[in-house]
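Please go through this model with its sheet, its aromatic pairs and its salt bridges in mind. The report below takes them in turn.

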Number of protein chains: 2
Amino acid sequence: MDLTRLMLRLYFGEMMIGPGKAQLLEGIAREGSISAAGRAMGMSYKRAWQLVETMNAGFVAPVVESTRGGAQGGGAHLTETGQAVLTAYRALEARVTEAGSAEIAALAALVAKDA
Amino acid sequence: MDLTRLMLRLYFGEMMIGPGKAQLLEGIAREGSISAAGRAMGMSYKRAWQLVETMNAGFVAPVVESTRGGAQGGGAHLTETGQAVLTAYRALEARVTEAGSAEIAALAALVAKDA
């Protein structure tokens with residue numbers, strides 16, 4: 001049975017970065033909006049904002065900047081810090097599957113075929 | 001802020017292996033008992049048995065063998081499959097921190113000092 005999903009969570013003290021936050025950051029970069037990014041993940045507006053606020057407070061600088069109002073009705077984008085967090089997290093995920101391919105294959109071979 | 005915990009979950013279809021199951025397998029190997037291993041993790045007897053049953057059904061062969069009764073009051077131990085699963089999982093965790101040290105350091109440097 002092949003690997004279908006790998007989930008990596010990193011804790012730095014109280015600050016956690018995992019698949020949900022990484023996906024939200026990607027969504028914000030793509031959608032230009034916190035609420036649209038949350039919606040694309042089936043996440044409430046409130047929850048998406050809470051996660052952004054947690055990240056903005058937990059990193060050395062805000063990861064997302066948002067603008068309210070204006071002709072375009074406001075929007076949001078990743079800061080340099082936000083982009084760096086996302087890039088490092090995705091790179092780490094890639095390392096796991098590259099560097100750990102032998103261990104992942106060993107586990108896959110041990111999983112029942114009908115699992 | 002240094003990395004304080006890394007959590008790795010792997011999904012192979014419906015079968016998931018993560019820190020809880022790995023710790024339970026280690027506990028069984030150490031304690032020689034499913035209930036004692038669960039207790040050491042603050043886990044109920046029922047929950048520990050459920051996890052063992054899930055693993056026994058989800059891998060190509062049982063990961064834990066238990067004996068009931070007898071002079072020693074029964075006990076449990078890891079099978080060869082159980083030991084192989086545990087070894088591969090722990091090796092994969094080690095790979096992440098080794099091969100991903102640059103990415104982990106990059107994230108650590110981005111986390112607020114008081115996080």
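Helices (H or I, at least four residues) and strands (E, at least two) are DSSP runs, numbered from the N terminus. This is a predicted model: local features need pLDDT of at least 70, side-chain atom pairs count only at pLDDT 80 or more, and totals for chains, interfaces and linings use all residues. Residues are numbered from 1 along each chain as its sequence is written, chains are lettered from A and ligands numbered from 1 in the order in which they are written, and side-chain values use heavy atoms, with hydrogens and water left out.

**Sheet**

Strands pair if DSSP finds at least two bridges between them. An open sheet of four strands runs in the order β2(A)-β1(A)-β1(B)-β2(B), with antiparallel pairing. At its edges lie β2 (15–17) of chain A and β2 (15–17) of chain B, each paired on one side only. From one strand to the next, the twist averages 15°. Helix α5 (residues 101–110) of chain A packs on the sheet and touches β1 of chain A and β1 (5–12) of chain B. Contact means heavy atoms within 4.5 Å. The direction of helix α5 makes about 45° with that of β1(B). Axes are lines fitted to C-alpha atoms, for helices over the stretch in contact, and angles run from 0 to 180 degrees between N-to-C directions. Strand β1 (residues 5–12) of chain A is joined to β2(A) by three bridges. Among the partners, L10(A) bridges to I17(A).

**Aromatic pairs**

Rings of Phe, Tyr and Trp (its six-membered ring) pair if their centres lie within 6.5 Å; planes under 30 degrees apart count as stacked, over 60 as edge-to-face and the rest as tilted. Two such pairs are counted over all chains. Y45(A) and W49(A) form a tilted pair, 6.3 Å centre to centre with 50° between the planes. They sit four residues apart in helix α3 (residues 45–58) of chain A, about one helical turn. W49(A) is buried at 18% relative accessible area (buried is under 20%, exposed over 50%, partly exposed in between; 1.4 Å probe, protein chains only).

**Salt bridges**

A salt bridge puts a side-chain nitrogen of Lys or Arg within 4 Å of a carboxyl oxygen of Asp or Glu. There are 10 over all chains, including these:

| Pair | N to O distance |
|---|---|
| R95(A) and E98(A) | 3.9 Å |
| E26(B) and R90(B) | 2.7 Å |
| E31(B) and R30(B) | 3.2 Å |

R95(A) and E98(A) lie three residues apart in helix α4 (residues 80–99) of chain A, about one helical turn. R95(A) is partly exposed at 35%.
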